[in-house]
Amino acid sequence: MKFVIVFVTLFAIGLARPDVQTVRNDAEVLPESFHFGVETNDGTRHDAEGHLKVLDKEHATLVVKGSYQFVAKDGHTYTVDYVADENGYQAQGAHLPHV
């Protein structure tokens, strides 16, 4: 499943804009963890790592920590740091509202 997520992400980036070149692309997918990083020449990047967290004898969850960055049409660079775990998806960024 993790491989599919990484593959789909990289594939979507490649199709999104044919004029954008990938300048960094690394990934390692293991049975209980993964990490990947991709960066393009337009200032977009995405780095993430995840691992399987055992909650109890019958339950486990995937914990993912990462960040992504992009240059918007307004010319500003936006960065989002996130964690996705048993508590849901929690994103932080200077441009996002604080709860």
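**Exercise 1. Decide whether Tyr 82 is buried or exposed in this predicted model, and find the group of residues to which Tyr 82 belongs.**

Solution. Step 1: The relative accessibility of Tyr 82 is 10%. The cut-off for buried is under 20%, so Tyr 82 counts as buried.
Step 2: Look for buried nonpolar partners. The largest nonpolar core consists of five residues: Phe 34, Phe 36, Ala 48, Val 64 and Tyr 82.
Step 3: Take Ala 48 from that core and list its contacts, leaving out neighbours within four places in sequence. Ala 48 is in contact with Phe 34, Phe 36, Val 64 and Tyr 82, and also with His 35, Lys 65 and Gly 66.
Step 4: Add the general background. Nonpolar side chains tend to be buried together in soluble globular proteins.

**Exercise 2. Classify the ring pair formed by Tyr 68 and Tyr 82, and say where its two members sit.**

Solution. Step 1: Recall what has to be known. The distance of the centres and the angle of the planes describe a pair of aromatic rings.
Step 2: Set the pair in context. Five aromatic pairs are found in a search of the whole structure.
Step 3: For Tyr 68 and Tyr 82, the ring centres are 6.2 Å apart and the planes stand at 45°, so this pair is tilted. The limits that matter here are 6.5 Å for the centres, under 30 degrees for stacked and over 60 for edge-to-face.
Step 4: Locate the residues. Tyr 68 is in strand 4 (residues 60–71) and Tyr 82 in strand 5 (residues 77–85), 14 residues apart, and the pair links distant parts of the chain.
Step 5: Check the cover of the partner. Tyr 68 has a relative accessibility of 29% and therefore counts as partly exposed.
Step 6: Widen the view. Through ring pairs, Tyr 68 and Tyr 82 belong to a cluster with Phe 70, Tyr 78 and Tyr 89.

**Exercise 3. Describe how the strands are arranged, and name the strands at the edges.**

Solution. Step 1: List the elements. The protein chain has one helix and six strands, in the order α-β-β-β-β-β-β from the N terminus on.
Step 2: Assemble the sheet. The six strands form an open sheet with antiparallel pairing, in the order 1-2-3-4-5-6.
Step 3: Find the edges. Strand 1 and strand 6 (88–92) each have a single partner strand, so one side of each is without a neighbour in the sheet.
Step 4: Give the angle. On average, neighbouring strands of this sheet are turned by 10° against each other, direction ignored.
Step 5: Examine one pair. Strand 1 (residues 22–29) and strand 2 (residues 33–40) run antiparallel and are joined by seven bridges. They form a hairpin with three residues between them. Arg 24 stands opposite Glu 39 in strand 2.

**Exercise 4. Describe the surroundings of Gly 93.**

Solution. Step 1: Gly 93 lies in the segment after strand 6.
Step 2: With a relative accessible area of 11%, Gly 93 is buried.
Step 3: Compare sequence and space. Val 80 is 13 residues from Gly 93 in sequence, and their C-alpha atoms are 4.8 Å apart.
Step 4: Residues up to four places away in sequence are not counted here; Gly 93 touches Thr 79 and His 98.
Step 5: Put this beside the whole chain. Of the 99 residues in the protein chain, 22% are buried.

Key
Residues are numbered from 1 along each chain as its sequence is written. This is a predicted model: local features need pLDDT of at least 70, side-chain atom pairs count only at pLDDT 80 or more; totals for chains, interfaces and linings use all residues. Side-chain values use heavy atoms; hydrogens and water are left out. Rings of Phe, Tyr and Trp (its six-membered ring) pair if their centres lie within 6.5 Å; planes under 30 degrees apart count as stacked, over 60 as edge-to-face and the rest as tilted. Helices (H or I, at least four residues) and strands (E, at least two) are DSSP runs, numbered from the N terminus. Buried means under 20% relative accessible area, exposed over 50%, partly exposed in between (1.4 Å probe, protein chains only). Two strands pair if DSSP finds at least two bridges between them. Axes are lines fitted to C-alpha atoms, for helices over the stretch in contact, and angles run from 0 to 180 degrees between N-to-C directions. Contact means heavy atoms within 4.5 Å. A nonpolar core is a set of buried Ala, Val, Leu, Ile, Met, Phe, Trp, Tyr and Cys residues joined through side-chain atoms within 4.5 Å.
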